[in-house]
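Please look through the sequence and the structure below before reading on. The report then takes up a few places in the chain, one after another.

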Amino acid sequence: MKCVLFDENLMGTFSDSVQAQFTRALETGHLIFTPSTVISVPCDALKFQIRFAPSLAKKPTASQQGFTAPKPKANPFLVPEHELRISEEILDLPTHNLLLNKFSVVEGHLILATKKWESQTCLLNVGDFRAAWSLMVRGSYLGFYNCGPLSGASVPHKHIQFIPIDRNEIPTQQFFDKIREVTQPFSQVQLPEFPFMHRAVLYDDSQAESEFFESLAAAYKRLLVAAFSAAGFDFERSANNAESPEKPDDIDTREVVSYNVVFTREWMVVVPRRAESGNCGVSVNSLGFAGQVLVKSEEQLRMLQQPDALRALLRDVAF
């Protein structure tokens, strides 16, 4: 059995169900959707997408809240709102819940959270990737994982996020298309167009399903080790490389490092982080390394439209 990376027969039913639930949650006040405007700004060979949503300025950031675990009753992923949870009749996952993002800027923004407590500082595992692909084969999605306090994460319960987007609309897709024919599957690559420390991999879907997810999880771990080594850190000695603490308030005295993961059905990128925001004050999460960033004020928008401002932002928050 091969790992099918796309299934058009599943796409329509799933997309329609998610859209219907999104509409119901919005109409009943369980979901807050913030309209935004997307502005295309050149950044070297990349057409960067700046999403302008001024009404989000009132929403607290992770750095303002502190990356601390809430009490169990405050954890939105441990006991998710029924109105936000995608029905198991639509997608039944044994170890994860699939939820609508309560505070959405993109329609259809989904969150895949573990049913049991796991820390957002932990490694993604085979089960996480298997659950993610249950969603990925049902549409065209960009997946991302914000890991650690400097990554743009705001909830410390382990979760992967997905936004629906056509592959050709992902700003960085062009760079992977250029190297696909000359790149061995699951071999590490660096993209010369990226002005920050990173490691990437392209996939081979010709393996049996079980082997594909094992290979994907192993490749992800190798990318982390290599990227952090290049940045001067030993990832193997970090708290991120340990088992998840049993409770949100358990303390691991080892250093927690931060990084971002962005992935599609075809490729994955990992980026070590050194800051949550750039010197200009703009916060960056994983989507920044796929060519998308969110701004909340006209001042931030004007700043990032200046020559070299986006390159400087990415260099500020990465290595």
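What follows describes a predicted model, beginning with its loops and ending with its internal cavities.

Two residues stand out by their backbone angles. Most residues other than glycine have a negative phi. Aspartate 44, although it is not a glycine, has a positive phi, and the same kind of note applies to phenylalanine 186, which is not a glycine and has a positive phi. The table sets out their values.

| Residue | Phi | Relative accessibility |
|---|---|---|
| Aspartate 44 | about 55 degrees | 48% |
| Phenylalanine 186 | about 65 degrees | 13% |

Aspartate 44 is found in the loop between strand 2 (37–43) and strand 3 (46–52), and aspartate 44 counts as partly exposed. Phenylalanine 186, which sits in the loop between helix 4 and strand 9 (188–189), counts as buried because its relative accessibility of 13% is under 20%.

Another loop, between strand 8 (159–164) and helix 4 (173–179), holds asparagine 168. Asparagine 168 is exposed, because its relative accessible area of 58% is over 50%, and its side chain makes a polar contact of 2.9 Å with the side chain of arginine 167.

At helix 3, asparagine 125 caps the N-terminal end, with a side-chain oxygen 3.0 Å from the backbone nitrogen of glycine 127. Within helix 3 (residues 126–136), the buried residues include Phe129, Trp133 and Leu135.

Finally, the model has 3 cavities of 30 Å³ or more, and the largest cavity has a volume of about 100 Å³. Of the 16 residues that line the largest cavity, Leu46, Glu193, Phe194, Pro195 and Leu314 are the closest to its centre. The lining of the largest cavity consists of 11 nonpolar, 3 polar and 2 charged residues.

Key:
Residues numbered from 1 in each chain as written. Predicted model: local features only at pLDDT ≥ 70, side-chain atom pairs only at ≥ 80, totals over all residues. Heavy atoms only, no water. Helix = DSSP H or I, 4+ residues; strand = E, 2+ residues; numbered from the N terminus. Buried < 20%, exposed > 50% of the residue type's maximum accessible area, 1.4 Å probe, protein only. Polar contact = N/O pair within 3.5 Å; in protein donor to acceptor, adjacent residues only side chain to side chain. 1 Å grid on protein atoms, 1.4 Å probe; cavity = no way out; pocket = protein on both sides within 12 Å on 5 of 7 lines; lining within 4 Å. Points joined across faces, edges and corners; volume = space filled by probe spheres on them. Nonpolar A, V, L, I, M, F, W, Y, C, P; charged D, E, K, R; others polar.
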